[in-house]
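Reader: I've just opened a new model and would like a guided tour. Let's go feature by feature, in plain words.

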Amino acid sequence: MEKAESNKKLISMLIAGAIGMFGFGFALVPLYDVLCEQLGINGKTSSTASSYQAMTIDKSRTVTVEFMAQIQSDMPWEFTPEMKRMQVHPGELIRTNFKAINLSTEETLGQAIPSVSPGQGAAYFNKTECFCFNQQRLTAKASAELPLIFFVDPDLPESISTLTLSYTLYNITDRGYVDAIEQGAAR
């Protein structure tokens, strides 16, 4: 009888432990996001446009901005930056483009997700216009120039001389987004 009660207690503890681990797994992503945001190491840029107010351009300082483009393995597009690297002055409004080519014989829908490295620099990289703010639809074999207008905040720490802006382009065609967008537009 003592052994049966001991087994029940052990099973209860194991179940409680499993539930606790399951709950911690769900809480891990938001906790990670909060921790990275507080420490300034997340590399995430704003998902909304920044407004550019005329500001003093720091001509005495040059920051190298590097551009990288990757595609998800199932994305049938070619995706490249117009320029791989440029020198900018903090406070200067800059325009560049990325080029996308749909290599498939069907219309596809893509979404670009940006990241800035080093993560501390993300807060100082401001996009006033970006193709990443919207989903990109390309018909079969079509191509498009995807605009990016940005500025580097003059308050960027002196220790940061290079910012790398990386985009990963995801294929969201088969995930119900096309139907949802078309239904939303029909309303």
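Reader: Let's start with the rings: which residues form one aromatic cluster?

Author: A quick note first: this is a predicted model, where local features need pLDDT of at least 70 and side-chain atom pairs count only at pLDDT 80 or more, while totals for chains, interfaces and linings use all residues. Residues are numbered from 1 along each chain as its sequence is written, and side-chain values use heavy atoms, leaving out hydrogens and water. Rings of Phe, Tyr and Trp (its six-membered ring) pair if their centres lie within 6.5 Å; planes under 30 degrees apart are stacked, over 60 edge-to-face, and the rest tilted. One aromatic cluster is formed by Phe67, Phe79, Phe98, Phe125, Phe131, Phe150 and Tyr167.

Reader: What is the angle between the planes of Phe98 and Phe131?

Author: Searching the whole structure turns up 8 aromatic pairs. Phe98 and Phe131 make a tilted one, 5.3 Å centre to centre, with the planes at 50°.

Reader: How many residues apart are Phe98 and Phe131?

Author: Helices (H or I, at least four residues) and strands (E, at least two) are DSSP runs, numbered from the N terminus. Phe98 belongs to strand β4 (residues 94-102), whereas Phe131 is in the loop between β6 (125-130) and β7 (136-138). The pair therefore links distant parts of the chain, with a separation in residues of 33.

Reader: Is Phe98 buried or exposed?

Author: Here buried means under 20% relative accessible area, exposed over 50%, and partly exposed in between (1.4 Å probe, protein chains only). Phe131, at 3%, counts as buried. Phe98 has a relative accessible area of 1%, so this residue is buried.

Reader: Which residue forms an edge-to-face pair with Phe98?

Author: This pair sits at 5.1 Å centre to centre, with 80° between the planes. The partner of Phe98 lies in strand β9 (residues 162-171), 69 residues apart from Phe98. At 0% relative accessibility the partner counts as buried, and that residue is Tyr167.

Reader: Which residues touch the most other members of the largest nonpolar core?

Author: A nonpolar core is a set of buried Ala, Val, Leu, Ile, Met, Phe, Trp, Tyr and Cys residues joined through side-chain atoms within 4.5 Å. The largest one here has 30 residues. Two or more residues each come from β1 (63-71), β2 (77-81), β3 (85-88), β4, β5 (108-117), β6, β8 (143-152) and β9. Touching the most other members are Phe150 and Tyr167.

Reader: What is the share of contacts joining residues at least 24 apart?

Author: Contact means heavy atoms within 4.5 Å. The chain has 2 helices and 9 strands, in the order α-β-β-β-β-β-β-β-β-β-α. Among contacts between residues at least 6 apart in sequence, the share joining residues at least 24 apart is 78%.

Reader: Which residues form the nonpolar patch on the surface?

Author: Patches take residues with over 30% relative accessible area and no salt bridge (a side-chain nitrogen of Lys or Arg within 4 Å of a carboxyl oxygen of Asp or Glu); like charges are joined within 9 Å, and nonpolar side chains (Val, Leu, Ile, Met, Phe, Trp, Tyr) within 5 Å. Accessible areas come from the Shrake-Rupley method with a 1.4 Å probe, and for residues only the protein chains shown count as cover. Ile15 is in helix α1 (residues 2-39) and, at 48%, counts as partly exposed. With about 300 Å² of accessible area together, the patch members are Ile11, Ile15 and Ile19.

Reader: Which residue meets Glu158 in a salt bridge?

Author: The structure holds 3 salt bridges, and this one spans 3.8 Å, N to O. Glu158 is exposed at 66%, while its partner is buried at 8%. Glu158 lies in the loop between β8 and β9 and the partner in the loop between α1 and β1, so parts 97 residues apart in sequence are tied together by Glu158 and Arg61.

Reader: How far apart are the closest N and O atoms of Arg137 and Glu107?

Author: Arg137 is partly exposed at 32%, and Glu107 is partly exposed at 35%. The closest N and O atoms of their salt bridge are apart by 3.0 Å.

Reader: Where is the peptide bond that is cis?

Author: Omega of this bond is near -5°. Its proline has its place in the loop between β5 and β6. The bond runs from Ser117 to Pro118.
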